[in-house]
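Open the structure in your viewer and keep the sequence panel beside it. The stops below can be selected one after another.

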Amino acid sequence: MNVHEYQAKELMRKFGIKVLRGKTAKTANEAVDAAKGLGGNIWVVKAQIHAGGRGKAGGVKLARSLDEVKAHADSILGKTLVTHQTGPEGKKVLTLLIEEGCKIDHEYYLGIVLDRSKGKITFIASAEGGVEIEKIAAEQPEKIIKVTVDPAQGYSSYIGRKIAYALGMKGDTVKDAMTFIEGLYKLYTESDCTVAEINPLVTTTSGEVLALDAKLNFDDNALFRHPEIEALRDPSEESKEELEAHEYGLSYISLDGNIGCLVNGAGLAMGTMDIIKLHGGEPANFLDVGGGATKEAVEKAFSIILSDKKVKGILVNIFGGIMKCDIIAEGIVAAAKSLGIKVPLVVRLEGTNVAIGKKILGESGLQIIAADNLADAAKKIVQAVKGK
């Protein structure tokens, strides 16, 4: 689950992470009132959407007067911003963050992710902030700093010191940075984040260390532990299909390809998408039915996949554990009969009750293409789609 920048900064304040003062606005007049309430003579008007690259798309503007605040608010509110993260359809701006200005001395990048290959939380930092970290990693990899934290040992102050020195910070700024970095780690771990990204992290001319921007993503599977974070969900930022999926406990993300993917488990979903691409196909979605889906949820999953007119074929890849293969098979049969699936359907089942599941599919009378393994399934769905 994603949250807006202003929501992320409110959470950061609770962990002692320094951010600038700001207020939200949904109209130009509210934007002016927010600027007046903040005081000063320089403000930043920021579009609030669930996507990066807002500045390049015209969604972040500096204002040196209240008239400029109003003009910028008028120009951004209601505008559809198209960035490298929104896709060509873009996202409409319904809310602004009006933030006080500051005098920047230097911009940095700081992020935290889980390195699954190492099983460790990893800080990613760079002295080149304010730009796309992917571009720096590709063109100047020597400027990327990585520091891992072993969960068994936990966080130690030397980690923050190591990162601060690696970024070239000196004097009292190092102490402030250490406090900032430790707070971000606590936020990441205690709130079950999947991504915590500050770009840019800045030092000001007065020596403060601040999060000028903030992006937090949360593990959907852990939201039951954080009702206060779940309450921050913004339905206007999610598609109709994503909202329907959420109601049934499904995870759905639309992509640009033409092969629908129905799987159980995020790791299996990513592996399925990778192997589809390996065999020359393009996934149309990421749809994870999870470990406890019902027959009705599986039927809804098919309905969501088929609502995408780009879908020319569906690959079902289930490894049954908690999620039993016979339940998936019953859902497939019910969906095929009620929805009238007319695109090629390849099914690979393995695990708990797989024999029962295959029997249900075999006796259904439906035109289902069976696959022995994932590679076989990917080849068959790609061939079926290209043959249409």
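The tour goes from a sheet and its helices to salt bridges, and ends at two single residues.

This is a predicted model, in which local features need pLDDT of at least 70 and side-chain atom pairs count only at pLDDT 80 or more, while totals for chains, interfaces and linings use all residues. Residues are numbered from 1 along each chain as its sequence is written, and side-chain values use heavy atoms, with hydrogens and water left out.

**Stop 1: the sheet**

Select β1, β6, β2 and β3, which form an open, antiparallel sheet in that order. Strands here are DSSP runs of E with at least two residues, and helices are runs of H or I with at least four, numbered from the N terminus. Two strands pair if DSSP finds at least two bridges between them. β1 and β3 each have a single partner strand, so one side of each is left without a neighbour in the sheet. On average, neighbouring strands are turned by 20° against each other, direction ignored.

Now narrow the selection to β2 and β6 (residues 96-100), an antiparallel pair with five bridges. Which residue of β6 is the bridge partner of W43? The partner is E100.

**Stop 2: the helices on the sheet**

Add α1, which lies across β1, β2 and β6 and runs at about 50° to β6. Helix α3 (residues 66-76) also packs on the sheet; α3 touches β2, β3 and β6, and its direction makes about 165° with that of β3. Contact means heavy atoms within 4.5 Å. The angles run from 0 to 180 degrees between N-to-C directions, with axes fitted to C-alpha atoms, for helices over the stretch in contact.

**Stop 3: salt bridges**

The whole structure holds 19 salt bridges, each a side-chain nitrogen of Lys or Arg within 4 Å of a carboxyl oxygen of Asp or Glu.

Stay on α1 and select R13 and E10, whose side chains form a salt bridge at 2.7 Å, N to O. The two are three residues apart in helix α1 (residues 5-14), separated by about one helical turn. R13 is partly exposed at 34% relative accessibility, as is E10 at 42%. Buried means under 20% relative accessible area, exposed over 50%, and partly exposed in between (1.4 Å probe, protein chains only).

Go next to K18 and E208, where the closest N and O atoms of a salt bridge are 3.9 Å apart. K18 is in the loop between α1 and β1 (22-25) and E208 in the loop between β10 (193-204) and β11 (209-211), so this pair ties together parts that are 190 residues apart in sequence.

Then select E5, K9, K46, R54, E99 and D213, which are linked in a network of salt bridges.

**Stop 4: R348**

Select R348 in strand β17 (residues 345-351). How far away is the nearest side chain of opposite charge? It belongs to E350, 5.1 Å away, and R348 is buried yet has no salt bridge. Lys and Arg count as positive, Asp and Glu as negative; His and the chain ends are not counted.

Show N317 as well: its side chain makes a polar contact of 2.9 Å with the side chain of R348. A polar contact is a pair of N or O atoms within 3.5 Å; within protein, one must be able to donate a hydrogen and the other to accept it, and residues adjacent in sequence count only if both atoms are side-chain atoms.

**Stop 5: A57**

Finish at A57, in the loop between β2 (43-47) and β3 (60-63). A57 counts as buried, at 18% relative accessibility. Leaving aside neighbours within four places in sequence, A57 is in contact with K79, L81, V82 and T83.
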